[in-house]
Amino acid sequence: MSQARPVPTDLDEWKALAAHQARIRDAHLREMFAADPGRADRFSARVGDVFLDYSKNRIDAETIRLLIALAERSGLRAGIEAMFTGEKINVTEKRAVLHTALRAPRDERILVDGKDVVPGVHEVLDRMAAFSDRVRSGAWKGATGKRIRNVVNVGIGGSDLGPAMAYEALQAFSDRSMRFGFVSNVDATDFVETVRGMDPAETLFIVASKTFTTLETMNNARTAREWLLATLKDESAVRDHFVAVSTNAAEVSKFGIDTDNMFGFWDWVGGRYSYDSSVGLSLMLAIGPDGFRDMLAGFRLVDEHFRTTPLESNLPALLGLVGLWYDDFFGAETVAILPYSQYLARFPAYLQQLDMESDGKSVDREGRPITTYQTGPIVWGQPGTNGQHAYYQLIHQGTKLIPCDFIGFCKPNNELGIHHDLLMANFFAQTEALAFGKTAEEVRAEGVAEAQVPHRTFRGNHPTNTLLVDRELTPNVLGQLVAIYEHKVFTQGWIWNINSFDQWGVELGKVLANRIVPQLQSPTEPALEHDGSTNALIRRYRRIRRGG
């Protein structure tokens, strides 16, 4: 796996795709469907409860054949196996990439540096389950003897986005007698509004930081500590109202948290891949250990599919290949994630981090600048039908090519009149309208004035994927959906020959922020050695902040 790979655009398979794109780029989906009545069956795949229809894409059988040839030439199958077996494919940090081990069964063996990591995973899961049962049953009491009714997760990045997204997605399965909050932003408003109305005597904080030194998280954690002690007064109360998700026992103990209530994780789990580890403790408290394990089973189902299924029917791989087709051969720069479920309101934001932090790279695994192809797309979106009354206008009639993933459910979590049928009617109508549009002739046939015809014409030919789930959104289904996108990201990153598992760009901002904090707080005018703009802005901020 260590041998330098060719630049992707130098591969014959890449060049064949470029030539193929030139031949079919002007073909319209209207023509493709008219010429091939069985197209919808041919371009589909499924795993578990998720059915993928990718027929409304600007592809034909040759496109898929060539994309699979590119994946095979890029060693995708070997890359998948290297990830699952614990090879250190995170080359810049010399680490294994084993989020898949977080959902491995107890009898599986996965070795990292000669040590089986699976027993440790289940030891942490069992401790999480025992703790969750105590809190949910009321056996765990706060310092005054009251039961815990509020749980606040304090983290940032993957330690916040994952559990916050999953909690919102699975509210239908949560303990409604408890209130859950998530604090990540160092803006005080996030903390103040989250704890508003909470009784400190009934509140448990989960501080999620691997090193227990993360600037934003630890500032929020100290604020939470002060908020608690302002009411409970006794420092020993911290032990009853704080637990940690961390690996730094010394700092956890110094904070006042009993290290018996510290839940660890591993350096082979990246933050954006971690909410199915101890980082998801708040989620387990919400949905219970059984619900959490059901979610892990959903992850595992897709893991096995991705690892063992041939590429031509491998749902995550196909999703990745079709996305790469638009990113690199049509020049598309974004992808819209459009879940038709209000419970998935934060799913696009979660996928933003998963995709953009993973594949937002401009050098390859050998450190060579990437100059001849695009890497990760910009990810955005919000639930339907809200988006239909906002940005869908640009997708339908704007000048940009925006591939879209539509995610819908055959069954609702909440049965209420005709709501779900109305929601799903919009779901199906939008992909149809985006694909086929409306011709000028069709507009004229409706008796529209000629001057209005250009404005009411829809060119169509906008690509979409439809992910239709056979059932309602459950913990198991959420696990399936997240794993699908994890492996979609891996597929693209591997073909682009980038390291999808580091995030050095995030670190730079942290370093600079730590330099600037004392400059903002200094009682005397600090010596500033930034650029002219930053120096002037800092001086302006200091002057106004101090009322000058």
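A pocket, as the word is used here, is an open set of grid points with protein on both sides within 12 Å along at least five of seven lines. Keep that in mind as we set off, and remember that the model on your screen is predicted.

**Stop one: the largest pocket**

Start by selecting T214, G271, Q503, E507 and K510, the residues nearest the centre of the largest pocket. The space around them has a volume of about 900 Å³, and 36 residues line it. Now colour α7 (158-169), α9 (215-232), α14 and α20 (504-521), the elements that each give two or more residues to this lining. Which of them gives the largest share? That is α20, with five residues. If you colour the lining by residue class, you should count twelve nonpolar, 15 polar and nine charged residues.

**Stop two: the parallel sheet**

Next, show the five strands of the open sheet that runs in the order β6-β5-β7-β8-β9, with parallel pairing. Look at its two edges, β6 (179-183) and β9 (262-263): each has a single partner strand, so one side of each is left without a neighbour in the sheet. Then move inward to β5 (150-154) and β7 (203-208), which run parallel and are joined by five bridges. To see the register, select V151 and find L204 of β7 standing opposite. Add helix α8 (188-195), which packs on this sheet and touches β5, β6 and β7. The direction of α8 makes about 175° with that of β6.

**Stop three: the mixed sheet**

Now hide those strands and bring up the open sheet of six, in the order β1-β2-β13-β12-β10-β11, where the pairing is mixed. Its edge strands are β1 (44-47) and β11 (378-380), each pairing on one side only. From one strand to the next, the twist averages 15°. Zoom in on β10 and β11, which pair in the parallel sense over three bridges; A336 stands opposite W380 in β11.

Two helices are worth adding to the view. Helix α14 packs on the sheet, touching β10, β11 and β12 (404-409), and its direction makes about 165° with that of β11. You have met α14 already, as one of the elements lining the largest pocket. Helix α16 (419-436) lies across β12 and β13 (464-469), running at about 155° to β12.

**Stop four: the cavities**

How many cavities of 30 Å³ or more does a search of the whole structure find? There are four, and the largest holds about 200 Å³ of space. Select G323, V335, P377, K488 and Q492, the closest to its centre among the 23 lining residues. The elements that give two or more residues to the lining are α13 (315-329), β10 (334-339), α14 (347-359) and α19 (475-495). Of the lining residues, α13 supplies the largest share, five. By class, the lining divides into 13 nonpolar, five polar and five charged residues.

**Last stop: a serine in a loop**

Finish at S74, in the loop between α4 (61-73) and α5 (76-84). Is this serine buried or exposed? S74 has 6% relative accessibility, and since buried means under 20%, S74 counts as buried. Show the contacts of S74 to see what surrounds it: leaving aside residues up to four places away in sequence, S74 touches R5, L11, W494 and I495.

Note on methods: Residues numbered from 1 in each chain as written. Predicted model: local features only at pLDDT ≥ 70, side-chain atom pairs only at ≥ 80, totals over all residues. Heavy atoms only, no water. 1 Å grid on protein atoms, 1.4 Å probe; cavity = no way out; pocket = protein on both sides within 12 Å on 5 of 7 lines; lining within 4 Å. Points joined across faces, edges and corners; volume = space filled by probe spheres on them. Helix = DSSP H or I, 4+ residues; strand = E, 2+ residues; numbered from the N terminus. Nonpolar A, V, L, I, M, F, W, Y, C, P; charged D, E, K, R; others polar. Pairing = 2+ DSSP bridges. Axes fitted to C-alpha atoms, helices over the stretch in contact; angles between N-to-C directions. Contact = heavy atoms within 4.5 Å. Buried < 20%, exposed > 50% of the residue type's maximum accessible area, 1.4 Å probe, protein only.
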